[in-house]
Amino acid sequence: MSRPGFEDDAQQLSLFDPAPVPAAAPGAPAPRNAAQLPSVVVAPPGPTAHPTMPHFQHPRAARSIALAGHQVGYEFRRARRRSIGFVVGTEGLSVSAPRWVAVAEVEQALQAKAGWILRKLHEQQERARRLQAAKVVWQDGTGLPYMGETVILLLDARITGAQLHSDAQALPGVPRRTLHLGLPQTATQDQIRELVQTWLQRQARRVFEERCAVFAPQLGVRIKRLSLSSAATRWGSASADGSVRLNWRLIHFALPVIDYVVTHELAHLREMNHSPAFWDVVRSVLPDFERSRGALRSEVLPALD
């Protein structure tokens with residue numbers, strides 16, 4: 001199952017081509033490797049920009065234009081193509097145009113699509129903000145998502161391995177889970193990361209096995225082999241021989257999301273496709289699976305590397 005929400009980071013629109021039809025959502029959503037997503041650069045206004053105007057600046061900007069109250073510095077290239085093309089990627093706006101198209105015509109096309117361009121630039125900016133917030137500093141007191149909740153890392157050299165503690169009396173809004181790590185306060189970030197990831201993977205296998213045991217009988221399927229995956233582009237996969245692979249980083253999500261991916265892959269043991277019959281199989285045990293699928297698209301995983 002490929003990860004939805006992991007479509008190409010670049011959003012493309014060709015001005016003189018027919019309007020693209022939005023692609024149907026893939027059957028299963030795919031985790032994106034947050035660490036690989038650079039951010040939109042929001043730079044100080046250039047010499048031609050109004051000083052108070054919000055400004056987007058591509059690092060290789062050759063031209064700049066005012067679009068609906070925003071100054072946009074964009075990369076501009078001449079290319080062998082028949083139409084003007086726009087790409088809004090992680091660095092900003094890139095424009096390519098045939099050699100015979102005048103700059104004035106390019107700018108007219110930019111103005112015509114100003115709403116689309118600015119929407120995509122703001123989406124990239126918000127994504128960059130969320131990715132920055134998702135960066136993990138491996139130290140005492142760091143918080144990580146685990147089963148839909150925040151778990152706080154605590155270094156405790158008195159214990160061995162990693163031990164999860166829960167406080168049922170925690171105040172609302174205060175993380176109730178702490179993960180005690182058998183490491184001294186002098187432990188390096190690499191040591192902390194390795195111990196935490198080993199623990200997370202162990203928990204992932206335990207939870208996946210438990211949920212497969214719940215849903216496999218309901219779907220009338222049998223798993224021959226369950227293995228963990230660390231793929232950057234898929235949440236899971238299933239083979240006709242009964243083998244199922246699930247991405248261990250699903251352990252960051254709440255149980256309903258894990259259940260959706262588990263059910264999705266188990267359903268493939270009956271229907272090796274994404275036909276209406278396949279979705280009927282998924283819906284037979286998870287009638288509201290669309291909500292969990294949406295969470296896979298919208299959540300940004302912590303950058304563990």
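Here are a few worked exercises on this predicted model.

**Exercise 1. Get a feel for the chain: what does it contain, and which stretch has pLDDT under 50?**

Step 1. Start with the inventory: the chain has six helices and 13 strands.

Step 2. Look at the confidence. The average pLDDT is 82, and 81% of the residues score at least 70. Residues 2-49 are the stretch to flag, with pLDDT under 50 throughout. The model still has 134 contacts beyond four places in sequence for those residues.

Step 3. Check the packing. Of the 305 residues, 46% are buried. Among contacts with a separation of 6 or more, 59% join residues 24 or more positions apart.

**Exercise 2. Work out the strand order in the open sheet of four strands, and say which strands stand at the edges.**

Step 1. Write down the order: β7-β8-β10-β9, with mixed pairing.

Step 2. Now find the ends. β7 (143-146) and β9 (162-166) each have a single partner strand, so one side of each is left without a neighbour in the sheet.

Step 3. Add the twist: ignoring direction, neighbouring strands here are turned by 35 degrees against each other on average.

Step 4. Zoom in on one pair. β7 and β8 (residues 149-155) run antiparallel and are joined by four bridges. If you want a spot to click on, G143 stands opposite I152 in β8.

Step 5. Finally, see what packs on the sheet. Helix α3 (residues 189-219) touches β7, β8, β9 and β10 (177-181), and its direction makes about 15 degrees with that of β7.

**Exercise 3. Is Q197 buried or exposed, and what does Q197 touch?**

Step 1. Place the residue: Q197 sits in helix α3.

Step 2. Apply the cut-off. Q197 has a relative accessible area of 17%, and buried means under 20%, so Q197 counts as buried.

Step 3. List the contacts. Leaving out residues up to four places away in sequence, Q197 touches W138, W248 and L304.

**Exercise 4. Which residues of helix α1 are buried, and where do they fall around the axis?**

Step 1. Pick out the buried ones in α1 (residues 103-112): V106, A109 and L110.

Step 2. Look down the axis. The buried residues of α1 fall within an arc of 100 degrees, so they line one face of the helix.

Step 3. Recall the helix geometry: with 3.6 residues a turn, residues three or four places apart point the same way.

Step 4. Turn to the other side of α1, where A104, Q108 and A112 are exposed.

**Exercise 5. How many residues of α4 are buried, and what do they pack against?**

Step 1. Check the span first. α4 (residues 255-268) reaches 20 Å from its first C-alpha to its last, close to the 20 Å expected.

Step 2. Count: twelve of the 14 residues of α4 are buried. These include charged-looking picks for your viewer such as D259 and E265, along with Y260 and L266.

Step 3. Find the partners. The buried residues of α4 pack against α3, β12 (236-238), β13 (243-247), α5 (276-285) and α6 (289-298).

**Exercise 6. How does β13 pair with β11 and with β12?**

Step 1. Take β11 (residues 225-229): β11 and β13 run parallel over five bridges. One bridge partner here is R245 of β13, for S227.

Step 2. Take β12: three bridges join β12 to β13, and the two run antiparallel. S237 stands opposite R245 in β13.

Step 3. Inspect the turn. The hairpin of β12 and β13 has four residues between the strands, and G242 takes a positive phi near 95 degrees.

Step 4. Finish with burial: four of the five residues of β13 are buried.

How values were computed. Residues numbered from 1 in each chain as written. Predicted model: local features only at pLDDT ≥ 70, side-chain atom pairs only at ≥ 80, totals over all residues. Heavy atoms only, no water. pLDDT = per-residue confidence, 0-100. Contact = heavy atoms within 4.5 Å. Pairing = 2+ DSSP bridges. Axes fitted to C-alpha atoms, helices over the stretch in contact; angles between N-to-C directions. Buried < 20%, exposed > 50% of the residue type's maximum accessible area, 1.4 Å probe, protein only. Arc of directions from axis to C-beta. Expected span 1.5 Å × (residues − 1).
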